[in-house]
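Here is a friendly tour of one protein model. Please have a look at the sequence and the 3D view before you read on.

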Amino acid sequence: MRKTDINQYAGPVMVQGDRISTGKSIVHMLLKGLLTFFVICVIAAVIVVVTITSYVLSMRNSSVDLDLQKLQLNYTSFIYVNGENDDPTKPVKYQSLYSTENRVWVDSDKIPANMKNAIIAIEDKRFNDHKGVDWKRTIGAAASLLHLTNSGSGYGGSTITQQLIKNLTGEDDVSITRKVKEIFRAINLEKKYSKDEILTAYLNVVNFGSGCNGVEAAANLYFGKSIKDCDLAQCAAIAGITQNPTAYNPLLHPEANRKRQQTVLTEMYEQKKITESEYKSAMAESNHMQFVGKKKEEVIDENEVWNWYTETLFNDVKEGLMKAYNCSAEHALDLIYHGGLHIYSAMNVEMQKAADDVFTSKKLFSQSDLKLQAGFVAMDYKGRVLAVEGARGTKTQNRLFNLATDAKRQPGSSIKPLAIYAPAINSGIVNYSSLINDEPQPDYFGKGKPGPKNWDSADHDYHGMITVEYALEQSYNAAAISLYKQLTPKIGLDFMRKKLDFTSIENGDYNLASGIGGLTHGVTVREMTAAYQIFGNGGKYYKPYTYYYVTDHDGNVIEGMDNRNVTFTQAISPSAATVMNKLLNHVMTSGTGKSANISGWQTFGKTGTTDSNKDSWFVGGTPYAVAGIWTGYLNPAAIKDANAAKRIWKNIMSEYLSGKAKKSFQFDSGVVAATFCKKTGLLAVPGQCLEIGTGWYDKNSMPGLCTGDGSSSPSSAVVSSEVSSQPFSSAPASSFVSPERNPSSEDSQETSSNFRNTGDSSSNSSSTTSRENRRNQAAHETEQ
């Protein structure tokens with residue numbers, strides 16, 4: 001065959017073959033892809049179904065941890081306090097709590113059949129037939145929610161059993177998880193109780209508007225009679241309220257209630273629960289129904305107005321009951337007022353009285369500033385709250401806004417020991433006398449503007465390299481932020497959130513400004529006081545509590561409400577806690593907290609003031625207690641009396657310590673005292689370092705020896721002495737002072753007799769005399 005013939009033969013056939021082969025390949029690939037996609041979808045669907053099924057089944061044993069029989073209790077609850085000499089083993093009755101305000105329980109045989117039938121007819125017509133869940137209504141409600149049907153029945157998907165659970169737990173969020181849990185709870189509840197028990201409980205706890213819980217309270221309010229004496233039309237009027245207690249409230253919206261009442265009567269008639277004559281008679285009565293509106297009774301107890309501690313205790317017990325029984329706030333209150341609880345308060349009567357006296361005194365609060373307010377909390381070092389003051393002045397009502405536990409305020413510099421210095425010392429970034437740079441950070445305020453500013457002059461001077469001791473003593477912002485930048489806000493704020501249980505720190509707070517108190521929401525006095533525990537107890541954080549334990553009417557300790565053996569979090573090491581205690585003691589003896597210091601007692605503490613002096617804090621401790629106080633205005637404004645917080649703290653603490661045996665902090669045996677050079681922050685060499693002080697260090701990580709040129713050499717083990725369990729000591733008398741006066745307070749410009757190091761190592765007798773003259777002049781200036 002010729003070449004041309006071969007070409008004519010081979011060419012066209014191969015092209016056609018390629019096209020056929022390619023077409024088959026494409027079809028094959030598409031089929032394979034579709035098959036793969038189908039298999040993936042099937043696998044994904046199986047995974048989803050298995051996951052959802054497993055999740056749903058995981059809730060099948062969900063139940064309400066409440067005894068329906070105990071809902072009918074109407075016993076007085078009692079609060080007890082420690083006996084003489086604050087003895088918790090000999091509690092004495094302090095106060096009783098009982099109420100007729102919210103509900104009056106009525107037994108099933110006292111509830112008319114018309115009342116039961118009315119509520120069943122309008123709320124759950126198949127109540128007597130289902131097992132806790134009406135699946136037909138549930139599916140119908142779901143279809144309506146998805147707009148698959150347009151049901152105008154006016155019924156929801158919840159049965160009376162489910163509504164009872166919702167009322168007892170307070171859980172009403174719109175979520176599939178909550179609904180599934182509620183379904184299983186309803187099924188399990190009906191296994192435990194009869195239909196009549198469930199219906200009776202429902203009729204006694206459901207909201208019927210105007211603060212009425214239960215049909216008896218509703219009958220008393222709306223008709224001035226007991227529910228057993230209500231007729232058919234009146235029962236229908238009460239039953240009609242439940243769907244919307246505000247919209248169908250007969251005192252507020254009588255016409256709306258009338259229409260709803262007649263809907264109830266119509267349902268009862270159509271469901272053959274009443275006769276035609278009963279229906280017509282009730283309908284006629286409905287058109288002319290009158291409502292009484294009897295005034296509800298108030299809460300009754302032996303002390304008409306509680307003190308602030310009892311107020312705080314009450315709220316803590318309420319929250320504890322909500323958690324213990326997984327119940328609503330309303331039901332928790334019902335348990336307090338009617339459940340016959342025995343509440344063993346942790347209040348220290350002596351300290352609470354001292355705080356009450358100060359907060360109602362007209363002497364300690366400036367009379368020229370009557371609007372100045374305050375919040376105060378005192379604790380021991382194992383979480384026990386000793387005293388609470390939620391506002392200044394005589395308390396005239398109960399259940400008020402509490403400035404010690406509810407109010408969140410910016411903490412100012414009182415946050416520095418928590419967010420910066422404690423975690424920095426605990427992690428070994430700095431020690432007692434390390435040098436940090438008191439200079440502004442570039443672009444701190446944005447747009448190229450450096451900061452932060454210091455408080456101590458009109459120009460907000462900066463001081464260069466200074467020791468940790470001096471930076472904290474004088475509360476210099478720039479030095480603190482310099483260290484905070486090295487530590488990082490993440491470490492500082494995570495420490496506060498995870499170790500010290502601060503709850504209001506937001507993700508947006510993770511910036512440098514938070515290190516000097518710039519938080520989104522602020523903190524509470526209770527949180528700050530609890531956090532400062534760690535500086536007096538070896539670094540342990542105990543969650544604050546106001547009650548030792550709570551028992552039910554039968555004397556059983558309620559699970560989760562026993563604080564007698566509380567556990568702690570080791571927030572910082574014992575050695576770091578000792579070093580921080582010493583640093584904060586220096587604040588009291590030589591720095592911004594000087595006017596709060598209590599003569600003859602070991603103390604530690606820190607001041608805090610926010611921009612424009614809108615908030616003023618003092619948080620500190622003695623060997624017996626730690627306490628925190630905030631002062632300011634309800635509507636933030638510049639405070640006139642900047643020293644009020646320190647003055648009030650000192651007065652309460654002094655009164656509490658009066659007559660008590662002397663007691664010292666217990667320090668970590670691994671911490672030792674040593675003399676340091678203020679110029680370098682290193683251990684001082686005798687005769688070489690002119691500006692010296694006494695610092696405290698972990699003996700396993702001592703600073704090096706000062707060589708005089710800013711470098712260091714290995715430290716000697718002989719330069720220090722152990723300070724464990726010994727009282728605080730002042731700096732050696734031979735310590736040198738610097739030639740500049742130190743105005744100590746960030747807040748009130750309080751005078752100090754200590755002086756900062758200028759870095760000048762030269763000295764002679766004349767300069768020393770000059771320094772002493774300036775020191776004497778400063779010491780005699782009046783403290784503000």
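What follows is a short walk through helix packing, empty spaces and two spots in the backbone.

Keep in mind from the start that this is a predicted model.

**Two pairs of helices**

Let us begin with helices that meet each other. The table puts two such pairs side by side.

| Helix pair | Residues | Crossing angle | Axis distance |
|---|---|---|---|
| α8 and α10 | 232-239 and 276-286 | roughly 70° | within 8 Å |
| α14 and α19 | 416-426 and 574-590 | about 130° | 9 Å |

How do these angles translate into words? An angle from 65 to 115 degrees counts as roughly perpendicular, and α8 and α10 are therefore roughly perpendicular to each other. Their crossing is right-handed. On the α8 side, the residues that take part are Leu232, Ala233 and Gln234, and they meet Glu278, Ala282 and Glu285 of α10. Sorted by class, this contact holds three nonpolar, one polar and two charged residues.

Now turn to the other pair. The axes of α14 and α19 lie 9 Å apart, and the helices pack at about 130°, so α14 is oblique to α19. The crossing of α14 with α19 is right-handed. From α14 come Pro417, Tyr421, Ala422, Ile425 and Asn426, while α19 brings Ala576, Val579, Met580, Leu583 and Leu584. Sorted by class, this contact has nine nonpolar residues, one polar residue and no charged ones.

**An open pocket**

Next, look for empty space. The second largest pocket holds about 1,100 Å³. It is lined by 35 residues, and those closest to its centre are Asp316, Glu319, Arg526, Lys543 and Pro544.

Which element gives the most to this lining? That is α11, with eight residues. Helix α11 spans residues 308-325, and together with α18 (525-532) and β13 (557-562) it belongs to the elements that each supply at least two lining residues. By class, the lining of the second largest pocket is made up of 11 nonpolar, 11 polar and 13 charged residues.

**Closed cavities**

How many cavities of 30 Å³ or more does a search of the whole structure find? The search finds three. The largest cavity contains about 50 Å³ of space.

You can trace the wall of the largest cavity in the 3D view. Its lining includes Phe535, Gly536, Asn537 and Gly538. Pro574, Ala577, Thr578 and Asn581 line the largest cavity too, and so do Phe665, Gln666 and Phe667. By class, the lining of the largest cavity has five nonpolar and six polar residues, with no charged residues.

**Two backbone spots**

Finally, here are two places to zoom in on. Gly451 and Pro452 are joined by a cis peptide bond, with omega at about 0°. Pro452 sits in the loop between β9 (449-451) and β10 (464-467).

The other spot is Arg399. Is its phi positive or negative? Phi of Arg399 is near 60°, a positive value in a residue that is not glycine. You will find Arg399 in the loop that runs between β6 (385-389) and α14. That brings us back to α14, the helix that packs against α19 at about 130°.

Conventions: Residues numbered from 1 in each chain as written. Predicted model: local features only at pLDDT ≥ 70, side-chain atom pairs only at ≥ 80, totals over all residues. Heavy atoms only, no water. Axes fitted to C-alpha atoms, helices over the stretch in contact; angles between N-to-C directions. Helix = DSSP H or I, 4+ residues; strand = E, 2+ residues; numbered from the N terminus. Parallel < 35°, antiparallel > 145°, perpendicular 65-115°, else oblique. Left-handed = near helix turned anticlockwise from the far one by under 90°. Contact = heavy atoms within 4.5 Å. Nonpolar A, V, L, I, M, F, W, Y, C, P; charged D, E, K, R; others polar. 1 Å grid on protein atoms, 1.4 Å probe; cavity = no way out; pocket = protein on both sides within 12 Å on 5 of 7 lines; lining within 4 Å. Points joined across faces, edges and corners; volume = space filled by probe spheres on them.
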